Amino acid sequence: MRFGPPRGYAVAPVGTKQRVMLVLGDGPESVGTARRQARSILGSWAVGPRAIDDVLLVLSELVTNAVLHAGEAQSAAIVLSDDRVRVEVADRSRVAPSPSRYGLDAHTGRGLGLVQSLSLEWGVAHQAQGKLVWADVPIDDAQSLPVPHAWADGAGKEARHAPDLPRIARFLRVPVTGYLRVSEQNDALLRDVDLLLIGERSGHVAPVPDALLDACRRLHDGFAHPGCYRATVRAAAAAGHERVDLASPLPRAGAGRAEAHVRTIEEIEAFAGDGHLLIEPATAEVRRLRRWFVDQTVAQAAGAAPTPAE
């Protein structure tokens with residue numbers, strides 16, 4: 001266990017009332033350890049349920065980033081002030097984090113985008129032997145947060161006017177909110193997979209079922225993670241659209257790969273909620289829409305016409 005104040009942390013927010021250091025476990029287990037302590041502390045501070053969820057998400061992302069990119073988090077703290085909770089996580093890497101936009105083969109990278117979207121502001125304080133990343137989460141559940149990226153109105157229409165090329169899969173009337181929820185669930189699961197595999201290699205992980213580790217290895221090593229439409233869907237959301245049409249080339253390796261990929265994700269999700277993963281089980285909406293994409297890929301690869309999402 002590691003405990004102690006970081007060296008050279010950022011100036012505390014105005015109206016600071018209390019600052020609590022968190023005790024961290026080893027390697028990937030530090031994420032769950034930090035979350036459990038923070039939840040109890042935030043409850044004692046009478047922070048609202050939505051703000052608690054937001055703080056825990058930000059804490060999870062910052063500790064996870066420290067584990068993935070620096071080997072471990074050196075310290076973590078939460079700071080209560082009049083209108084916000086500050087999350088602070090220090091590690092030994094001096095490389096400043098930067099938000100990532102998803103590429104076609106993005107595996108993870110949602111972390112700082114999520115931190116941005118949930119925070120009033122965030123930053124990095126450089127230290128003698130590393131850095132401290134901090135983020136201020138509002139504790140007024142009714143507060144409106146700024147949109148992290150601006151998207152041009154009317155974007156997302158390119159799929160409607162895409163040329164009728166052969167071997168193109170078309171996904172019609174995709175619910176914008178549903179798609180973003182699927183993306184969030186998939187990304188969270190991929191981060192859990194990374195943490196479990198890092199823990200297995202380093203020996204800093206509690207025993208987990210062999211079936212879970214096997215599925216994690218297959219997902220990590222056996223699949224080129226599929227392209228995504230986040231920019232298009234987010235643009236549609238920013239423009240106020242509830243549904244959007246999407247299109248992409250059918251997978252060269254065959255639609256069966258898409259089926260196997262989602263089946264492996266579902267195998268891993270079966271362990272959600274039992275303490276082995278940080279993610280919650282996928283909702284029925286997420287499972288249904290994710291399966292719909294696979295079913296459409298398989299059907300259109302066989303020559304069927306696209307069917308709109310329900």
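Select Arg288 to start: with a relative accessibility of 53%, this residue counts as exposed (exposed is over 50% relative accessible area, buried under 20%, partly exposed in between, with a 1.4 Å probe and protein chains only). The structure is a predicted model, in which local features need pLDDT of at least 70 and side-chain atom pairs count only at pLDDT 80 or more, while totals for chains, interfaces and linings use all residues. Residues are numbered from 1 along each chain as its sequence is written, and side-chain values use heavy atoms, with hydrogens and water left out.

Arg288 belongs to helix α8, residues 284–301. Helices (H or I, at least four residues) and strands (E, at least two) are DSSP runs, numbered from the N terminus. Add Val182 to the selection: the C-alpha atoms of Arg288 and Val182 lie 9.6 Å apart, with their positions 106 residues apart in sequence.

**Strand β5 and its neighbours**

Next, select residues 130–138, which form strand β5. How many residues of β5 are buried? The count is 9 of 9, so the strand is largely enclosed by the rest of the structure. In a regular strand the side chains alternate between the two faces of the sheet. Show the side chains of β5: Gly130, Leu132, Trp134, Asp136 and Pro138 point one way, Lys131, Val133, Ala135 and Val137 point the other way, and all are buried.

Now add strand β3, residues 84–91, which runs antiparallel to β5 and is joined to β5 by 8 bridges. Two strands pair if DSSP finds at least two bridges between them. For one position to centre on, take Val89, which stands opposite Val133 in β5.

Strand β4, residues 121–127, is also antiparallel to β5, with 7 bridges joining the two. Here Trp122 has Ala135 of β5 as its bridge partner. Follow the chain from β4 to β5 and you pass through a hairpin of 2 residues.

**Helices α1 and α2**

Select α1 (residues 29–44) and α2 (residues 49–70) together. Two packed helices are described by the angle between their axes and the distance between the axes. The axes of α1 and α2 come within 9 Å and cross at roughly 155°. Axes are lines fitted to C-alpha atoms, for helices over the stretch in contact, and angles run from 0 to 180 degrees between N-to-C directions. The two helices are therefore roughly antiparallel to each other (angles over 145 degrees count as roughly antiparallel, under 35 as roughly parallel, 65 to 115 as roughly perpendicular and the rest as oblique).

To see the contact (heavy atoms within 4.5 Å), show side chains on both helices. Residues of α1 including Val31, Ala34, Ala38 and Leu42 meet a set in α2 that includes Ile52, Leu56, Leu59 and Val63. By class, the contact has 11 nonpolar, 4 polar and 3 charged residues.

Staying on helix α1, pick Ser40. Is Ser40 buried or exposed? At 52% relative accessibility, Ser40 counts as exposed. Its C-alpha is 9.8 Å from that of Ile52, which is 12 residues away in sequence.

**Two positive phi values**

Move to the loop between α1 and α2 and select Ala46. Ala46 is not a glycine, yet has a positive phi of about 60°. Ala46 counts as exposed, at 67% relative accessibility.

Finish at Arg173, in strand β6, residues 168–175. The phi of Arg173 is also positive, near 55°, in a residue other than glycine. Arg173 is partly exposed, with a relative accessible area of 44%.

Terms used: Nonpolar A, V, L, I, M, F, W, Y, C, P; charged D, E, K, R; others polar.
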